[in-house]
Amino acid sequence: MSVAQSSLSDVQVDEDSIFERFEEDGYFMNRLRMNWQLKALLPVAAVLINGLLLFVLVTLSLGDPERNIVLVVATAGAVMICAVMIMVLAVVVRRPMIELQQKIALVRGGDLQVEVNFADRNDEIGDLGRDFNDMVRQLRESRAEIQHLHRTQMSRAEHLATLGELAAGLAHEIRNPLAGIAGVIEIVGRDLPAESPARSVFGDVREEVQHINRIVTDLLEIARPKAPNKRMADLVGTVEHASLFARDQATHRNINLNIQRRSMPAVEHDPGQIHQVVLNLLLNAIQATEPGGSVNVEFDEDDESLIATVSDTGKGIPPEILSNIFRPFFTTKGEGTGLGLSLAKRIVEDHAGKIEVSSRVGQGSRFSIVLPKVRQPQLEAVETEK
């Protein structure tokens, strides 16, 4: 009896060491590609082998015929258990996994109408099937939405291109007779007697003609954009030159226009186009600021870009309007064309830059022109002759 107990304890020690070895080799087992059936049966086989060893030791006290019969029965039972487990695993696990692999291959090929048939099972594999079907359904809906948006955007782009061509042609046709009208007004105005009451009307007519001409000019620049003629130049000098044209209006409205003096590295840009952008931002800031307020221009840089910021102490832009300010023809000013900011945004984007805006009602707004330091490929201007 003592021999059997000691042998039993030795077997228990061996069994524990086998399990420890399996845990230590877990990483190797995960890295080594093995059939899943073999991975599932290895722990079971180890337990059965240990059980057979235990049977051998326990039956040492039995006679040879009885002992052999017990061992044969135990071995046959172990083999049958392994066979049944293989069959069960083949039906319960292997078939769904093969089907899942086939359906994943179809999804990879672009077929999003597939579904697995084991999703109605009430177990973890059924959960996996339902999750897969839900994922494919969401992909199918997302693709349909993307295709719808793509068709919508393409149709909108074609519509806007047609409108752009129409607007460019219309603006061109308006501009020519408009120049003639302006010339006639100047001639008639000079010929009117000094005491004629019609003289007071000619100033208003002249301003309206100039207003129409500005709209036509902006419309032509948006409809037929010109590629920037970029060169390495001083951004601070470009901004200071633009501020000269805005200073008279700032002085007339009693607004302090402050330009930060700072040395900045040269950056590639079209001085004429950036001058137009900065002047537009300065005039907008001056018009939005009450007398006694201030408009400030500051410069900054980081590792990738140079930044020129125009800020004011005006009334600010409400959040519901802020998202629309770069839309063509959107304006909150009665005398504005609504094309200035749209044109400014396009010019800066043509420089591979961006315009950032922030505003708080009652505290003012900040518009930042961000231009990259890295030189960009020069684009050739292509214009279509009408």
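This passage describes helix α8, two residues with positive phi and a nonpolar surface patch in a predicted model.

Helix α8 comprises 18 residues, 271-288. The distance from the first C-alpha to the last is 25 Å, close to the 26 Å expected at 1.5 Å a residue. The N-terminal end of α8 is capped by Asp-270, of which a side-chain oxygen lies 3.0 Å from the backbone nitrogen of Gly-272. Buried positions in α8 include Pro-271, Gln-273, Ile-274 and His-275 towards the start of the numbering. Val-277, Val-278, Leu-279, Asn-280, Leu-281 and Leu-282 are also among the buried residues of this helix, as are Ala-285 and Ile-286.

Positive phi values were found at two loop residues, Asn-254 and Ala-352. Most residues other than glycine have a negative phi. Asn-254, with phi near 60°, is located in the loop that joins α7 (235-252) to β2 (256-259). Asn-254 counts as exposed because its relative accessibility, 52%, is over 50%. Ala-352 has a phi of about 65° and belongs to the loop between α10 (340-350) and β6 (354-360). The relative accessibility of Ala-352 is 42%, so this residue counts as partly exposed.

On the surface, a nonpolar patch is formed by Leu-170, Ile-174 and Ile-212, which together have about 240 Å² of accessible area. Of these residues, Ile-174 is part of helix α5, which covers residues 124-191. Ile-174 has a relative accessible area of 35% and is therefore partly exposed.

Conventions:
Residues are numbered from 1 along each chain as its sequence is written. This is a predicted model: local features need pLDDT of at least 70, side-chain atom pairs count only at pLDDT 80 or more; totals for chains, interfaces and linings use all residues. Side-chain values use heavy atoms; hydrogens and water are left out. Patches are made of residues with over 30% relative accessible area and no salt bridge: like charges are joined within 9 Å, nonpolar side chains (Val, Leu, Ile, Met, Phe, Trp, Tyr) within 5 Å. Accessible areas come from the Shrake-Rupley method with a 1.4 Å probe; for residues, only the protein chains shown count as cover. A salt bridge is a side-chain nitrogen of Lys or Arg within 4 Å of a carboxyl oxygen of Asp or Glu. Helices (H or I, at least four residues) and strands (E, at least two) are DSSP runs, numbered from the N terminus. Buried means under 20% relative accessible area, exposed over 50%, partly exposed in between (1.4 Å probe, protein chains only). The expected span of a helix is 1.5 Å times one less than its number of residues. A polar contact is a pair of N or O atoms within 3.5 Å; within protein, one must be able to donate a hydrogen and the other to accept it, and residues adjacent in sequence count only if both atoms are side-chain atoms.
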